[in-house]
Amino acid sequence: MANLVNLEAVRKSYGVRPLLDGLSIGIGAGERIGVVGLNGGGKTTLLEILAGVEPPDDGRVSWMRGLRLAVVTQRTELPADATVRQAVLEPHGFTAEHEWAADPRIRSIMQGLGIDALGLDEPVHIMSGGERRRIALAAALVRELDLLVLDEPTNHLDVEGVRWLAEHLVARRCAAVVVTHDRWFLNEVCTRTWEVTGGRVEQYEGGYEDWVYARAERARLAANAEEKRRNLARKELAWLRRGAKARTSKPRYRVEAAEALIANEPEPRESAELVAFARRRLGKTVLELEDVRYTLDDRPLLDGVTWRLGPGDRIGLVGVNGSGKTSLLRLLAGDTEPQAGRRVVGKTVRLAYLRQELEDLPAQLRVLQAVEDVASRVTLGKREFSASQLAERFGFPAARQWTPVGDLSGGERRRLQLVRLLMGEPNVLLLDEPTNDLDIDTLQQLEDLLDSWAGTLVVVSHDRYLVERVCDTVVALFGDGKITHLPGGIDDYLERRDREGGAGGGRTGGSERAAGPQGPQESPAGKPSAAEQRAAQKELARLERRLDTLHEKENRLHAKLAEAATEPDRLRELDEQLQDVLAEKDELEQRWLAAADTAD
């Protein structure tokens, strides 16, 4: 079968820098391709040439006759004088409410992306940038398509929205080409991965994990591969093997090819050691909210909440868009004050807060000068870095470090903001969507540093890989005025949202799968389907990881009980904690048995 799109010897440059150099590549029907690479490496340019938005400087681009194509890039514009209804529904013949509401696929899209909640008769020009991106995405998805081209579609979606979009794309029969740094999304959606590097495109079968294995194998075989990239591959592979060993079944030859590379696999994060070190730096009191009440837009964000962050706590904060995650970080940072209650800060706390908004940077300085303006050297975990070394780890090679700050792109300014934050050597970090505008290599560098960082950490992010890797605890805002602890992490959060109704059936994609011909075929009575077995295998892996954590926690509590034999109050407190752990273990073991039956 002919490809939907073919690129033949395509070249594209901006100034003297070639982004694509003699590229020949094609997209087949039904393929779902993830595009990865460094910021500024040509990913968006490749998408725009594939979609016909930008012409190549040289070479040829051909499209299948009658190709139904939609593209949503970071430069996609909506008509300024249109309403949401006019931008999304009316161009495709949906003029009356009942016409689109009666179509399960369209209804799922409107609910899954939260478009109906924006108000269909609201003008587009009053929407935020993130809301306009969601409207543009919905306008593309409601069409019947052969090929969908998306640039960073997950940037303005919450965790539920990312899951819904992944399920929607898998359920559709059209081909898709997606640029994203969201590794969970890449792994769930993509059947192939393209890495844009040095003007070329390296092609790999499978999603993110398969690409990590293949890239690691390439690094092992290439005698002149950069040592830095080899170390990154080791760290990422080690985490995948430890934390996600049952997610997929790897071909044996790939596993064997990686064995030599991770023979000296780095140890898992030593949480107890890091907490002990953090306690020495921070003392007992870090950040506390005591009986706090805070109202956001006439609804209670916190209603009499007491929340204590201890030394070495590593917390991921999740919730739907608009649930108040950023407002809670601002409360913790002291940017805003509660209407009642108080915020307590430890005397030794050095707090750093990475906001979503780009802060004012010294435009007159060069990159290295802007970093050294904070400090010349920094110790992070057990490692010491010079300003130049840390800047290089975050994507500023030696030559780029002399670029004026005013000439940096948005993504580079975000990276510089993060470097300057870390150079302050904080012991409490508040990170609000730190993955925005970061490529995968930079994300790996950030995770590598945070993995061994001894301090208290609170992260707001829709990037599940980041939260699962660097955080030990996940809490959520459900709109009930409380901060809810989630023992099962993000999976627990999504399950609770499903039980509570979430944002409608479209959030899970269930109505679309049930209604369309793409949905999974029903299995014979009493026998789990292949999809149910795959889901059960994933659940088994997650439960096993959580049970291992609980087993370690139980052992630590037993040791503490022995030490506190002469302290009745302390014994009572530890015993309550132990009973909670044992109860949770019992519940998870029951769920493990049920999942094992389904998986078998």
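The following paragraphs lead through the strands, helices and charged pairs of this structure. The model is predicted, and the description below should be read with that in mind.

A suitable place to begin is the sheet built from six strands. This sheet is open, and its strands follow one another in the order S5-S6-S7-S3-S8-S9. The pairing within the sheet is mixed. At its edges stand strand S5, residues 69-72, and strand S9, residues 200-205, each of which pairs on one side only. On average, neighbouring strands of this sheet are turned by 15° against each other when direction is ignored.

Within this sheet, one pair of strands may be examined in detail. Strand S6 (residues 147-151) and strand S7 (residues 175-179) run parallel and are joined by five bridges. One residue can be followed across this pairing: Leu 150 has Val 178 in S7 as its bridge partner. A helix also belongs to this part of the picture. Helix H5, made of residues 129-141, lies across S5 and S6, and runs at about 170° to S5. In general, the side chains of a regular strand alternate between the two faces of the sheet.

Further along the chain, strand S10 offers a view of antiparallel pairing. S10 covers residues 287-296 and is joined by five bridges to strand S13, residues 340-345, with the two strands running antiparallel. Here Leu 289 has Arg 343 in S13 as its bridge partner. S10 also runs antiparallel to strand S11 (residues 299-309), and eight bridges join these two. In this second pairing, Thr 295 stands opposite Pro 300 of S11. S10 and S11 form a hairpin, with two residues between the strands. One residue in the turn, Asp 297, has a positive phi of about 55°.

Most residues other than glycine have a negative phi. Two further residues with a positive value may therefore be pointed out, since negative values are the general case. Ala 9 has a phi near 50°, although this residue is not glycine. Ala 9 is placed in strand S1, and its relative accessible area of 35% makes this residue partly exposed. Glu 425 likewise has a positive phi, near 50°. Its place is in the loop between helix H15 (410-423) and strand S17 (428-432). With a relative accessibility of 27%, Glu 425 counts as partly exposed.

The next topic is the meeting of two helices. How do helix H6 and helix H18 cross, and at roughly what angle? H6 consists of residues 159-171 and H18 of residues 489-500; their axes come within 11 Å and cross at roughly 85°. Angles of 65 to 115 degrees count as roughly perpendicular, and H6 and H18 are therefore roughly perpendicular to each other. On the side of H6, the contact is made by Val 159, Glu 160 and Arg 163. H18 contributes Ile 490, Tyr 493, Leu 494, Arg 497 and Asp 498. Sorted by class, the contact has four nonpolar, four charged and no polar residues.

Charged side chains also pair elsewhere in the model, which holds 26 salt bridges. In one of them, the side chains of Arg 60 and Glu 8 meet at 2.8 Å from N to O. This pair links distant parts of the chain, as Arg 60 lies in strand S4 (residues 58-63) and Glu 8 in strand S1 (residues 5-14), 52 residues apart. Arg 60 counts as partly exposed because its relative accessibility is 48%, and Glu 8, at 36%, is also partly exposed.

Another salt bridge joins Arg 377 to Glu 384, with the closest N and O atoms 2.7 Å apart. Arg 377 has a relative accessible area of 45% and is partly exposed; Glu 384 is partly exposed at 47%.

A third example involves Arg 542 and Glu 495, whose closest N and O atoms are 4.0 Å apart. Arg 542 belongs to helix H20 (residues 530-563) and Glu 495 to helix H18, so that distant parts of the chain, 47 residues apart, are linked. Is Arg 542 buried or exposed? Its relative accessibility is 7%, and Arg 542 therefore counts as buried. Its partner, Glu 495, counts as partly exposed at 27%. Finally, salt bridges that share partners join Arg 183, Glu 447, Asp 463 and Arg 469 into one network.

Conventions
Residues are numbered from 1 along each chain as its sequence is written. This is a predicted model: local features need pLDDT of at least 70, side-chain atom pairs count only at pLDDT 80 or more; totals for chains, interfaces and linings use all residues. Side-chain values use heavy atoms; hydrogens and water are left out. Two strands pair if DSSP finds at least two bridges between them. Helices (H or I, at least four residues) and strands (E, at least two) are DSSP runs, numbered from the N terminus. Axes are lines fitted to C-alpha atoms, for helices over the stretch in contact, and angles run from 0 to 180 degrees between N-to-C directions. Contact means heavy atoms within 4.5 Å. Angles under 35 degrees count as roughly parallel, over 145 as roughly antiparallel, 65 to 115 as roughly perpendicular and the rest as oblique. Ala, Val, Leu, Ile, Met, Phe, Trp, Tyr, Cys and Pro count as nonpolar, Asp, Glu, Lys and Arg as charged, and the others, Gly among them, as polar. Buried means under 20% relative accessible area, exposed over 50%, partly exposed in between (1.4 Å probe, protein chains only).
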